[in-house]
Amino acid sequence: MRIKIFCRVLGLVLCSNAVIVYFASHSIRTVVVTTLACSLLLQLAYFASVLFLIWWSGCVSRAGQRAARFDSCKEVGSEPPDLDEVTNESADLLQRDQMLAISLVLP
């Protein structure tokens with residue numbers, strides 16, 4: 001989604017929330033508080049969705065690596081890789097995912 005569309009949708013949601021709350025309560029203070037709460041909820045939902053996507057992509061990549069490793073062992077007729085190698089690769093993936101999450105959070 002392009003940033004212009006995202007900003008327009010975000011502004012539309014927050015403005016419509018403010019108008020609906022104003023007509024329901026006739027209080028500017030209530031409008032400001034609920035609009036801030038709505039924007040906070042939207043930010044939390046966005047952050048949670050980014051974390052979910054990072055977690056999901058890690059699961060998909062690990063499943064693909066397991067399938068590739070299994071196929072290569074099957075073709076060659078060798079034993080699966082040593083457990084230490086798998087642990088090192090898992091640690092590397094975890095570090096990469098953490099760095100990706102940090103880079104997405106920081107502006």
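User: Before we start, what do buried, exposed and partly exposed mean here?
Analyst: They're cut-offs on relative accessible area: under 20% is buried and over 50% is exposed. Anything in between gets the middle label, partly exposed.

User: Cool. Which of those labels fits Val13 in this model?
Analyst: Keep in mind that we're looking at a predicted model. Val13 sits in helix H1. Its relative accessible area is 33%, and because that falls between 20% and 50%, Val13 is partly exposed.

User: How far is Val13 from Thr35, going by their C-alpha atoms?
Analyst: Along the chain, Val13 and Thr35 are 22 residues apart. In space, the distance between their C-alpha atoms comes to 9.4 Å.

User: What's the overall make-up of the chain, in helices and strands?
Analyst: There are zero strands and three helices. Reading from the N terminus, that gives the order α-α-α.

User: How much of the chain is buried?
Analyst: The chain has 107 residues. A residue has to be under 20% relative accessible area to count as buried. The share that does is 13%.

User: Where is the prediction's confidence lowest, and where is it highest?
Analyst: For the whole chain, the mean pLDDT is 77, with 58% of residues at 70 or more. The low end is helix H3, residues 83-105, with a mean of 59. The high end, with a mean of 91, is H1.

User: What span should helix H1 have, and what does the model give?
Analyst: H1 covers residues 3-25, which makes 23 residues. At 1.5 Å a residue, the helix should span 33 Å. The prediction agrees, because the end C-alpha atoms of H1 are separated by 33 Å.

User: Which residues of H1 are buried?
Analyst: Val13 isn't on that list, since its 33% makes it partly exposed. The buried ones in H1 are Leu14, Asn17, Ala18 and Val21.

User: And Val19, which label does that one get?
Analyst: Val19 also lies in helix H1. Its relative accessibility is 43%, so Val19 counts as partly exposed.

User: Which residues make the nonpolar surface patch?
Analyst: The patch takes up about 610 Å². H1 and helix H2 (28-76) both contribute, with at least two residues each. Its members are Val19, Tyr22, Phe23, Ile28, Val32 and Leu36.

User: What's unusual about the backbone at His26?
Analyst: His26 comes just after H1, in the loop between H1 and H2. Most residues other than glycine have a negative phi. His26 isn't glycine, yet its phi is positive, near 55 degrees.

User: Is His26 buried or exposed?
Analyst: The cut-off for exposed is over 50%. His26 has 59% relative accessibility, so the label is exposed.

User: How many aromatic pairs are there, and what kind do Phe52 and Trp55 form?
Analyst: The structure holds two aromatic pairs. In the pair of Phe52 and Trp55, the centres are 5.8 Å apart and the planes meet at 40 degrees, which makes it tilted.

User: Why are Phe52 and Trp55 about one helical turn apart?
Analyst: Both belong to helix H2. Because they are three residues apart there, the separation is about one helical turn.

Technical notes
Residues are numbered from 1 along each chain as its sequence is written. This is a predicted model: local features need pLDDT of at least 70, side-chain atom pairs count only at pLDDT 80 or more; totals for chains, interfaces and linings use all residues. Side-chain values use heavy atoms; hydrogens and water are left out. Helices (H or I, at least four residues) and strands (E, at least two) are DSSP runs, numbered from the N terminus. The expected span of a helix is 1.5 Å times one less than its number of residues. Buried means under 20% relative accessible area, exposed over 50%, partly exposed in between (1.4 Å probe, protein chains only). pLDDT is the predictor's confidence in each residue, from 0 to 100. Patches are made of residues with over 30% relative accessible area and no salt bridge: like charges are joined within 9 Å, nonpolar side chains (Val, Leu, Ile, Met, Phe, Trp, Tyr) within 5 Å. Accessible areas come from the Shrake-Rupley method with a 1.4 Å probe; for residues, only the protein chains shown count as cover. A salt bridge is a side-chain nitrogen of Lys or Arg within 4 Å of a carboxyl oxygen of Asp or Glu. Rings of Phe, Tyr and Trp (its six-membered ring) pair if their centres lie within 6.5 Å; planes under 30 degrees apart count as stacked, over 60 as edge-to-face and the rest as tilted.
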